[in-house]
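Student: Could you help me learn how to read a protein structure? I would like to go feature by feature.

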Amino acid sequence: MSQTPLLDTIKTPEDLRKLKPEQMRQVADELRQETIDAVSVTGGHFGAGLGVVELTTAIHYVFDTPRDRLIWDVGHQAYPHKILTGRRDRIRTLRMGGGLSGFTKRSESEYDPFGAAHSSTSISAALGFAVANKLAGAPGKAIAVIGDGAMSAGMAYEAMNNAEAAGNRLVVILNDNDMSIAPPVGGLSHYLARLVSSNKYLTVRHLAQRFARKLPDSLHRLARKIEEFARGLATGGTLFEELGFYYVGPVDGHDVETLVKILENVRDAAEGPMLVHVVTRKGKGYGPAEAAADKYHGVQKFDVVSGVQAKGEPGPPSYTAVFAAALTDEAARDDKVVAITAAMPSGTGLDKFAQRFPDRVFDVGIAEQHAVTFAAGLAAQGRRPFVAIYSTFLQRAYDQVVHDVAIQNLPVRFAMDRAGLVGADGSTHAGSFDLAYLGTLPNFVVMAAADEAELVHMVHTMALHDAGPIAVRYPRGNGTGIALPAAPERLEIGKGRVVREGKKVAILSLGTRLDEALKAADILEARGLSTTVADLRFMKPLDEALIRRLLTTHEVAVTVEEASIGGLGAHVLTLASDQGLVDAGLRIRTMRLPDRFQDQDRPERQIEEAGLHADGIVDTVLKALRHNSAGVIEGARA
């Protein structure tokens, strides 16, 4: 006889908590199948979510969410959480325009108390929730679920070092699915974990501590050390004990009934803060994902039976692949070239570099700050380091970029992948701000590649540039299909190029908006408006001579960039002001990303929404030409 489905009866965790503990196994099995089916339709992060199905079920069953605050680190493992928290009917809109975010998001649900997508923030945030409740005398715990990879970031330890302030209101669950921190989990460790988290043990421990306090200080300290050491030998966790946590584990993260019992003990414990070490397996319950966790970390749409992922039409290589090949060629020419990634070897293409030069690539973990200062040390000692980091993640190391690289004028090379909009990953992963945050820094050279061939030239230029820090930005996804150069060219620093000459309209493009700028020029030419298109290549230093010529010989000029305010347009306007071109009756418009965070959508739809497509450029030009307020510089697009 088949079981009556339970997931259909669960709209919120309150419904889940009406069930019996022995029913949690069935709920978890149904939740896993629903997750598999949903992601097969939408694509997205996959393996991490399957690995925490039982943990998600147990947490919502034991804790009083949303009054108890559950915070997922990164958030890409939260699809099962979304299904259990009133969003099952929308789960097949994941990462789509107008649909559910691929990460936790405060505006989406009261069950998402803190937004996430960047790593290692959960303990700090949970500590904030817990201390706020403590100060208010309000009930409620804060539960942070953090993966072992996220524990490679210093921020997690900074938070743990302050966690005692929360007392027993803070629970940290370490989801160990890769690093093998603990010895294998077996029946004995299960028993020990349940024992040391139980009220009986804690009560006895508390009484023993009270007795020990009456002993001389030396004996008191010795007794405490013996108890911690004995428990550490049995269960592990000495490091966490030193940071002020009461450690429980390791626990089998796929034994949902045991998880429920242990989390109930932790919930009711007077000790605190608590750290529960849970061992899980990425992709658990789906054979193809278990067999290849790396390939199923994030997936396209796929066939559930075979596991075969949908493939798009074959196209040109990605910018990431072009960068990796170009850097590998540079390393072959120069043994001083080294590469650094912050836990993204495949995402940045450096896994390919490592196949050729394994001793010259360094994966420092989720530690962008360390990556930058490590690179500064390498540069100061005569190496030529390339730091390959997504634009959005380089933000995390801005102080190091300023203090350790720019001020010392060290020749660190920054390869900023995923610059601009990124489609389904949405605002948390968009590389919108790099031009603004690097363009303000003295000594920096900042480039943007218009196509793959330009990227090859820019990587070569970076390798040969020892005068100071230098950066290149390039987008996510496939390139234009342009032929790659047989040999790279060293670009002259600060010099752009005119790719189309005209007389009336000047379009000043930076980066991959060049193709749309050329399409816009075709449309304008058809309307009788002779149009120049320039690829500036460099946002810093600007090609002042070229820009001055274009601004003074054309009726209207438009800057175009896939970046926030404060980038190319702002620098061109400043140049025009400094050189007195405002008084010459200049009319200029700046086109950039809107002054808001754009949600996930198809990349082409995001570009249209931002107005950075050919039609948007044409519309901006025509409006500027109709405007009769000569002598006013206007940044027309907001």
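**Reading the model together**

Tutor: Happy to! Let's begin with one residue: His-465 lies in the loop between α20 and β13. Keep in mind that this is a predicted model.

Student: Is His-465 buried or exposed?

Tutor: Here a residue counts as buried when its relative accessible area is under 20%. His-465 has a relative accessible area of 10%, so it is buried.

Student: Which residues does His-465 touch, leaving out those up to four places away in sequence?

Tutor: Its partners are Pro-411, Arg-413, Val-445, Ile-470, Arg-490 and Ile-493.

Student: Now the sheet, please. How do strands hold on to each other?

Tutor: The general idea is that strands pair through backbone hydrogen bonds, in a parallel or an antiparallel way. In this structure, 7 strands make an open sheet with mixed pairing, in the order β9-β8-β10-β11-β13-β12-β17. At the edges are β9 (361-363) and β17 (538-540), each of which pairs on one side only. On average, neighbouring strands of the sheet are turned by 20 degrees against each other, ignoring direction.

Student: What packs on this sheet?

Tutor: Helix α16 (residues 368-380) does, touching β8, β9, β10 (384-390) and β11 (413-417). The direction of α16 makes about 165 degrees with that of β10. Helix α20 (residues 452-464) packs on the sheet too, with contacts to β10, β11, β12 (445-448) and β13 (470-473). For α20, the angle with the direction of β13 is about 165 degrees.

Student: How does β10 pair with β8 and with β11?

Tutor: β8 and β10 run in the parallel sense, with 5 bridges between them. β10 and β11 also pair in the parallel sense, over 5 bridges. You can follow a path across the strands: Thr-341 has Ala-388 in β10 as its bridge partner, and Ala-388 stands opposite Ala-415 in β11. Thr-341 also stands opposite Asp-363 in β9.

Student: Why is β10 described as largely enclosed by the rest of the structure?

Tutor: Because 7 of the 7 residues of β10 are buried. Look at both faces: one side carries Arg-384, Phe-386, Ala-388 and Tyr-390, the other Pro-385, Val-387 and Ile-389, and all are buried.

Student: What about charged side chains?

Tutor: Generally, side chains of opposite charge can pair when their charged atoms come close. This structure holds 41 salt bridges. In one of them, the side chains of Arg-497 and Glu-454 meet at 4.0 Å, N to O. Arg-497 is in strand β14 (residues 497-500) and Glu-454 in helix α20, so this pair ties together parts 43 residues apart in sequence.

Student: How buried or exposed are Arg-497 and Glu-454?

Tutor: Arg-497 is partly exposed, at 23% relative accessibility, while Glu-454 is buried, at 3%. Another bridge joins Arg-67 and Glu-14, with the closest N and O atoms 3.1 Å apart. Arg-67 is in the loop between α4 (53-62) and β2 (69-72), and Glu-14 is in helix α1 (residues 13-16), 53 residues apart.

Student: Last one: how confident is the prediction?

Tutor: The chain has a mean pLDDT of 89, and 88% of its residues reach 70 or more. Over residues 179-189, however, pLDDT stays under 50. Residues 628-638 are also below 50. Take care when reading those stretches!

Technical notes. Residues are numbered from 1 along each chain as its sequence is written. This is a predicted model: local features need pLDDT of at least 70, side-chain atom pairs count only at pLDDT 80 or more; totals for chains, interfaces and linings use all residues. Side-chain values use heavy atoms; hydrogens and water are left out. pLDDT is the predictor's confidence in each residue, from 0 to 100. Contact means heavy atoms within 4.5 Å. Two strands pair if DSSP finds at least two bridges between them. Helices (H or I, at least four residues) and strands (E, at least two) are DSSP runs, numbered from the N terminus. Axes are lines fitted to C-alpha atoms, for helices over the stretch in contact, and angles run from 0 to 180 degrees between N-to-C directions. Buried means under 20% relative accessible area, exposed over 50%, partly exposed in between (1.4 Å probe, protein chains only).
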